[in-house]
Amino acid sequence: MSQCLLANIIDEDVDTQEMVLNNNEQLFVLIREADLMSQMSLEVPPVAKTALYQQKKLKQHKNCLEKLLKRHKELRNLSREELIPLLEIHLRSWITF
C-alpha cells in the first residue's frame, strides 16, 4: 500500500497528450483504512498514520492541482486560437516560395 505514495501526481494522457491528475484511489483507501484501524484501537502502520494525519492537506493539494490543470488546459486552448491567424501569415509566405 505504501507504493501508492510513490506514484506520479501528474501524468500525460497518451491519447490526448494532456496533463491529467493521477487520481490514485489507493491513497484514499489507505487513509480510510487507517482511520478505521485507529477507531478500533488497532496499531496503524507508520505510512498509513502519516497519510491519515495529512488527509486534509492532501485533499487541498488535490483540489488545487485539479484547478491548476483545468486552467492550464484553458490557456493552451486560448493560445492556440489566437496564434493560428498569426501563423497563417508565415505559412502562406512559405507556400508561395
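**Why these labels? Questions on a predicted chain**

Biologist: Met37 comes out at 25% relative accessibility and counts as partly exposed. Why is it called partly exposed?

Modeller: Buried means under 20% relative accessible area, exposed means over 50%, and partly exposed is in between, with a 1.4 Å probe and protein chains only. Met37 has 25%, which falls between those two cut-offs, so the label is partly exposed.

Biologist: And how far can I take these values?

Modeller: This is a predicted model, so local features need pLDDT of at least 70 and side-chain atom pairs count only at pLDDT 80 or more, while totals for chains, interfaces and linings use all residues. Residues are numbered from 1 along each chain as its sequence is written, and side-chain values use heavy atoms, with hydrogens and water left out.

Biologist: Where does Met37 lie, and what does it touch?

Modeller: Met37 lies in helix α1; helices here are DSSP runs of H or I with at least four residues, strands are E runs of at least two, and both are numbered from the N terminus. Not counting residues up to four places away in sequence, Met37 touches Leu42, Glu43, Val44 and Pro45, where contact means heavy atoms within 4.5 Å. Its C-alpha atom is separated by 9.8 Å from that of Ala48, 11 residues apart along the chain.

Biologist: Now Leu69. How do you know whether it is buried or exposed?

Modeller: Leu69 has a relative accessible area of 14%. That is under the 20% limit, so Leu69 is buried. Leu69 belongs to helix α3, residues 55-95. Leaving aside neighbours within four places in sequence, Leu69 is in contact with Ile10, Met19, Val20 and Leu21. The C-alpha atoms of Leu69 and Glu18 are 9.1 Å from each other, although 51 residues separate the two along the chain.

Biologist: What makes Ser41 worth a look?

Modeller: Its phi is near 60°, a positive value in a residue other than glycine. Most residues other than glycine have a negative phi. Ser41 is found in the loop between α1 and α2.

Biologist: Why is Ser41 called exposed?

Modeller: The relative accessible area of Ser41 is 66%. Since that is over 50%, Ser41 is exposed.

Biologist: On to the two helices flanking that loop. What makes α1 roughly perpendicular to α2?

Modeller: They pack at an angle of about 100°, with axes 8 Å apart. Because angles from 65 to 115 degrees count as roughly perpendicular, α1 is roughly perpendicular to α2. On the α1 side, the contact is made by Leu27, Leu30, Ile31, Ala34, Asp35 and Ser38, and on the α2 side by Val47, Ala48, Ala51 and Leu52. By class, that gives 8 nonpolar, 1 polar and 1 charged residues.

Biologist: Which residues make up the largest nonpolar core?

Modeller: It has 8 residues: Leu27, Leu30, Ile31, Ala34, Val44, Ala48, Ala51 and Leu52. A nonpolar core is a set of buried Ala, Val, Leu, Ile, Met, Phe, Trp, Tyr and Cys residues joined through side-chain atoms within 4.5 Å. The elements giving two or more residues are α1 (25-39) and α2 (46-53), and α1 gives the most, with 4 residues.

Biologist: Zooming out, how many helices and strands does the chain have?

Modeller: There are 3 helices and 2 strands, running β-β-α-α-α from the N terminus on. Buried residues make up 12% of the 97 residues in the chain.

Methods. Axes are lines fitted to C-alpha atoms, for helices over the stretch in contact, and angles run from 0 to 180 degrees between N-to-C directions. Angles under 35 degrees count as roughly parallel, over 145 as roughly antiparallel, 65 to 115 as roughly perpendicular and the rest as oblique. Ala, Val, Leu, Ile, Met, Phe, Trp, Tyr, Cys and Pro count as nonpolar, Asp, Glu, Lys and Arg as charged, and the others, Gly among them, as polar.
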